[in-house]
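Opened the notebook for a new model today. My plan is to start with one residue's contacts and work outward from there.

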Amino acid sequence: MSQNPSAGGGASYASAGVDIEAGDRAVELMKEWVKKTQRPEVLGGLGGFAGLFDASALKRYERPLLASATDGVGTKVDIARQMGVYDTIGHDLVAMVMDDIVVCGAEPLFMTDYICVGKVHPERVAAIVKGIAEGCVLAGCALVGGETAEHPGLLGPDDFDVAGAGTGVVEYDRLLGADRIRTGDAVIAMASSGLHSNGYSLVRHVVFDRAGMSLDQQVDELGRTLGEELLEPTRIYSLDCLALTRTTEVHAFSHITGGGLAANLARVIPDGLHATVDRSTWTPGAIFDLVGTAGQVERLELEKTLNMGVGMMAVVPAESVDAALTTLADRGLDAWVAGEITERGDRTSGAELVGDYAR
């Protein structure tokens, strides 16, 4: 029997679970936060089909190279969902994207985001964007646009995910990387703020499934609840790294994300050279011990998955070490000489950790 759509029984976007009015409300709530990220090169406001950035600003470069990156924050979003805290996960997103871009020496310019939800809760979406906007300010870039998608039936009403893409610029002759690294260079470690946004599948499996812990559980070694520790935002190093390039000579950076310290550092070590990092130069934070002990995770497995207390590394000439450490200290960032670059010899790895962590 046919149905007359005009009789009021027809399907609609709303009946399928998509609330356009809630989406519009979310856009209105996020506008004030996006405005705080604006750079003079940004044209127009939030709501257009595309974000606009005045490329004539790049005329001051002799040979500008655009650097781009995209990323998400992984299963850390589930911690935010369980805790009902949505205004910090955006810091993690910006860090994952813009700290990849700054590795080549590029200045972050602008970013776009993608937020996917099971159901649009305007205040919740606005809180996520607030965190992204605050992260953009810390990275020195503009948030020029984004997308909020509602996927009922695919995601639960409280489920969400975030991703983003960013663009930066670097002068061709100031591009950093493996070709600049030389024997005798020093490896400087910059402290992480905690787990950052990597390895949460392992961390969640250990603390919830194996240790039976809860997010509201007070953990004496951490000095706060487990949830507060797990939700600690990823440190954003972009402006710190750019400050280093202005005050002293830098050959390369390495962003310590998925794969751990040795694997990420190896990505910028040229053929014929080798990076040796001494574990005894620092003590990993308590959360790393907790994950290792609670899950009986072997040290090498931890080091392949987590940052172990180091979120970014810089490779600098030996004569630049003092200036580099002074610059980072002046910016309130804990940093230290953790290793050196030597001839490869008969070693097959581009980077390795040696010794035992300080206690």
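**Entry 1: ground rule.** I call two residues in contact when heavy atoms of theirs lie within 4.5 Å. I also keep in mind that this is a predicted model.

**Entry 2: Thr 167.** I looked up Thr 167 and found it in strand β6, which covers residues 160-171. Which residues does Thr 167 touch, not counting those up to four places away in sequence? My list reads Leu 66, Ala 67, Ser 68, Met 98, Ile 101, Glu 107, Pro 108, Leu 109 and Phe 110. Buried or exposed, I wondered about Thr 167? Thr 167 has a relative accessible area of 16%, and buried means under 20%, so Thr 167 is buried.

**Entry 3: Glu 171, also β6.** Staying in strand β6, I went on to Glu 171. Glu 171 is buried too, with a relative accessible area of 13%. Setting aside neighbours within four places in sequence, I get contacts from Glu 171 to Arg 60, Tyr 61, Glu 62, Arg 63 and Pro 64. The side chain of Glu 171 reaches the backbone nitrogen of Glu 62 at 2.9 Å. I also checked Leu 58: its C-alpha atom is 9.7 Å from that of Glu 171, with the two positions 113 residues apart along the chain. As for Arg 63, I noted that it lies over the face of Tyr 172, 3.8 Å from the ring centre.

**Entry 4: aromatic pairs.** How many aromatic pairs are there? I count four. One of them joins Tyr 86 and Phe 160 edge-to-face, at 5.7 Å centre to centre and 65° between the planes. This pair links distant parts of the chain, as Tyr 86 is in the loop between α2 (76-83) and α3 (89-101) while Phe 160 is in strand β6, 74 residues apart. Both rings belong to buried residues: Tyr 86 has 11% relative accessible area, and Phe 160 has 7%.

Next I took Trp 282 and Tyr 357, an edge-to-face pair with 5.4 Å between centres and 70° between planes. This one links distant parts of the chain as well, 75 residues apart: Trp 282 is in the loop between β11 (273-278) and α9 (286-294), Tyr 357 in the segment after β14 (351-354). Trp 282 is buried at 5% relative accessible area, and Tyr 357 counts as buried at 8%. Trp 336 joins Trp 282 and Tyr 357 in one aromatic cluster. I then found the charged end of Arg 279 over the ring of Tyr 357, 5.9 Å from its centre.

**Entry 5: cores.** I know that in soluble globular proteins nonpolar side chains tend to be buried together. The largest nonpolar core here has 77 residues, and those with the most contacts inside it are Phe 160, Val 207, Leu 230, Leu 265, Val 277 and Met 313. So Phe 160, from the pair with Tyr 86, turns up again in the core list. I followed Leu 265: beyond four places in sequence, it touches Val 187, Ser 254, Ala 275, Val 277, Met 313, Val 315 and Ala 351. A second, separate core has 20 residues, including Leu 176, Met 190, Val 250 and Ala 335.

**Entry 6: whole protein.** Last, I zoomed out. I have 11 helices and 14 strands, and 51% of the 359 residues count as buried. Among contacts between residues at least 6 apart in sequence, 85% join residues at least 24 apart. The accessible surface comes to about 16400 Å², with 50% of it belonging to carbon and sulfur atoms.

Methods: Residues are numbered from 1 along each chain as its sequence is written. This is a predicted model: local features need pLDDT of at least 70, side-chain atom pairs count only at pLDDT 80 or more; totals for chains, interfaces and linings use all residues. Side-chain values use heavy atoms; hydrogens and water are left out. Helices (H or I, at least four residues) and strands (E, at least two) are DSSP runs, numbered from the N terminus. Buried means under 20% relative accessible area, exposed over 50%, partly exposed in between (1.4 Å probe, protein chains only). Accessible areas come from the Shrake-Rupley method with a 1.4 Å probe; for residues, only the protein chains shown count as cover. Rings of Phe, Tyr and Trp (its six-membered ring) pair if their centres lie within 6.5 Å; planes under 30 degrees apart count as stacked, over 60 as edge-to-face and the rest as tilted. A charge sits over a ring if NZ of Lys or CZ of Arg is within 6 Å of the ring centre and within 35 degrees of the ring normal. A nonpolar core is a set of buried Ala, Val, Leu, Ile, Met, Phe, Trp, Tyr and Cys residues joined through side-chain atoms within 4.5 Å. A polar contact is a pair of N or O atoms within 3.5 Å; within protein, one must be able to donate a hydrogen and the other to accept it, and residues adjacent in sequence count only if both atoms are side-chain atoms.
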